[in-house]
Amino acid sequence: VNSNKYFRFNIKNVERAQEDLIALWAFDHGASGTAEVLPFQQNPEDYSVATLSSELFHLDIFFEQAPDPELVFEFRRRWPLFPIECLAEENRDWMAEWKKGFHPFELMDGIWIVPSWTKPPPQSRQVIWMDPGMAFGTGTHETTKLAARLLGEALRSRPGARVLDVGTGTGILAFLAERMGASDIIATDVDPEAVRVANENRELNHSVRTRISTDSLDSMQEPFDVVVANIIDGVLVALQTDLKRLVKPGGVLILSGILDERLAGFRTRFLTSPFQIRNEADMGEWRAWSLEK
Ligand SMILES: C[S@@+](CC[C@H](N)C(=O)[O-])C[C@H]1O[C@@H](n2cnc3c(N)ncnc32)[C@H](O)[C@@H]1O
């Protein structure tokens, strides 16, 4: 037995009606688990990941120890219509591998994002420590970079600003605001994992001016100098009344997460009044807006 390897039967074009039979058969022969390989897509309306329904799907069956080679032949005799292959795969620590690829980089103006397990480079003027866990927001995504750029612009002319970061993920934009001199930052998210990670990063960064919150926007009253939201466009549209209400007159609303192919629809659905668009920034297929009240 090689504990660094596991074995996988990959079976294609399985009919829904056969799924249970195949799974039972596999468990009878020492399988430790099965998984459907489902096609999926991200739903831009509500941030959910929707699986696409389909009649035929691919099935993975996992074995911790090498299965009897006879088993593949038996499968072919019983289910001749579904192509099967047996693969030996390396057991990997995906998190450790991913960590190797996440390096310090400058987000803006000498402010560096530094993974919590590495050292800050000598040229960094200020550091934001990051352990992203499973939350969104290492700073490498275009939507984050766009939001960071527009947030930086807004804060340079607003020292001591009060900032609201909606959909904070790892907390990255909140900590950027703090490093750039914001006096009081509220960062919210609906995902409990994001809230947990953001709180951890808050400690890593010795943050004293950022509060991570699960309060919904409609329960908030006091307006902010700057509101930033990097969420997919459908959510920005759904939240627009509160996002706009929570900006002080003279304040700035930053919206990121708009896909170019959905920009036309976003323009008709997000009513900018009483704001004026000050900046439309783009990177790759992503667009972001900075609006002033
Ligand atoms: C694209 S990530 C942005 C993370 C980080 N702010 C950044 O810029 O890298 C969007 C985040 O919004 C959160 N989110 C989705 N719907 C939300 C809602 N209705 N209210 C608040 N947060 C939401 C998600 O859980 C996710 O963490």
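## Close-up views of the model

**View A. Pro-274 sits in the loop that links α9 (263–269) to β15 (276–283).** Helices (H or I, at least four residues) and strands (E, at least two) are DSSP runs, numbered from the N terminus. The bond to look for here is the peptide bond from Ser-273 to Pro-274, which is cis, with omega near 5°. Before moving on, please note that this is a predicted model, in which local features need pLDDT of at least 70 and side-chain atom pairs count only at pLDDT 80 or more, while totals for chains, interfaces and linings use all residues. Residues are numbered from 1 along each chain as its sequence is written, and side-chain values use heavy atoms, with hydrogens and water left out.

**View B. Ser-290 is a buried residue of strand β16 (residues 286–292).** Its relative accessibility is 7%, where buried means under 20% relative accessible area, exposed over 50%, and partly exposed in between (1.4 Å probe, protein chains only). Leaving aside residues up to four places away in sequence, Ser-290 touches Leu-150, Val-252, Leu-253, Ile-254, Gln-276, Ile-277, Arg-278 and Asn-279. A contact here means heavy atoms within 4.5 Å.

**View C. The ligand is shown with the 16 residues around it.** A residue belongs to these surroundings if one of its heavy atoms lies within 4 Å of the molecule. Gly-137, Thr-144, Gly-167, Asp-189 and Asn-230 come nearest. The shell divides into 8 nonpolar, 6 polar and 2 charged residues; Ala, Val, Leu, Ile, Met, Phe, Trp, Tyr, Cys and Pro count as nonpolar, Asp, Glu, Lys and Arg as charged, and the others, Gly among them, as polar.

**View D. Thr-144, Thr-168 and Asn-230 each place an atom close to the ligand.** For Thr-144, a polar side-chain atom lies 2.7 Å from a ligand oxygen atom. Thr-168 takes part through its backbone, with an N or O atom 3.4 Å from a nitrogen atom of the ligand. A polar side-chain atom of Asn-230 lies 2.8 Å from an oxygen atom of the ligand. On its own the ligand has 610 Å² of accessible area, and the protein covers 90% of this. Areas come from the Shrake-Rupley method with a 1.4 Å probe; for residues, only the protein chains shown count as cover.

**View E. Ile-186 lies in strand β11 (residues 184–188).** Is Ile-186 buried or exposed? With a relative accessible area of 9%, Ile-186 is buried. Not counting residues up to four places away in sequence, Ile-186 touches Arg-162, Val-163, Leu-164, Asp-165, Arg-211, Ser-213, Met-220 and Phe-224. Lys-119 is a useful distance marker: from C-alpha to C-alpha, Ile-186 and Lys-119 are 28 Å apart in space, and in sequence they are 67 residues apart.

**View F. Asn-13 and Asp-109 both have a positive phi without being glycine.** Asn-13, in strand β1 (residues 5–15), has a phi of about 55°. Asp-109 has a phi near 45° and lies in the loop between β7 (105–108) and β8 (111–115). How exposed are they? Asn-13 is partly exposed, with a relative accessible area of 37%, and Asp-109 also counts as partly exposed, at 37% relative accessibility.

Definitions and conventions. A polar contact is a pair of N or O atoms within 3.5 Å; within protein, one must be able to donate a hydrogen and the other to accept it, and residues adjacent in sequence count only if both atoms are side-chain atoms.
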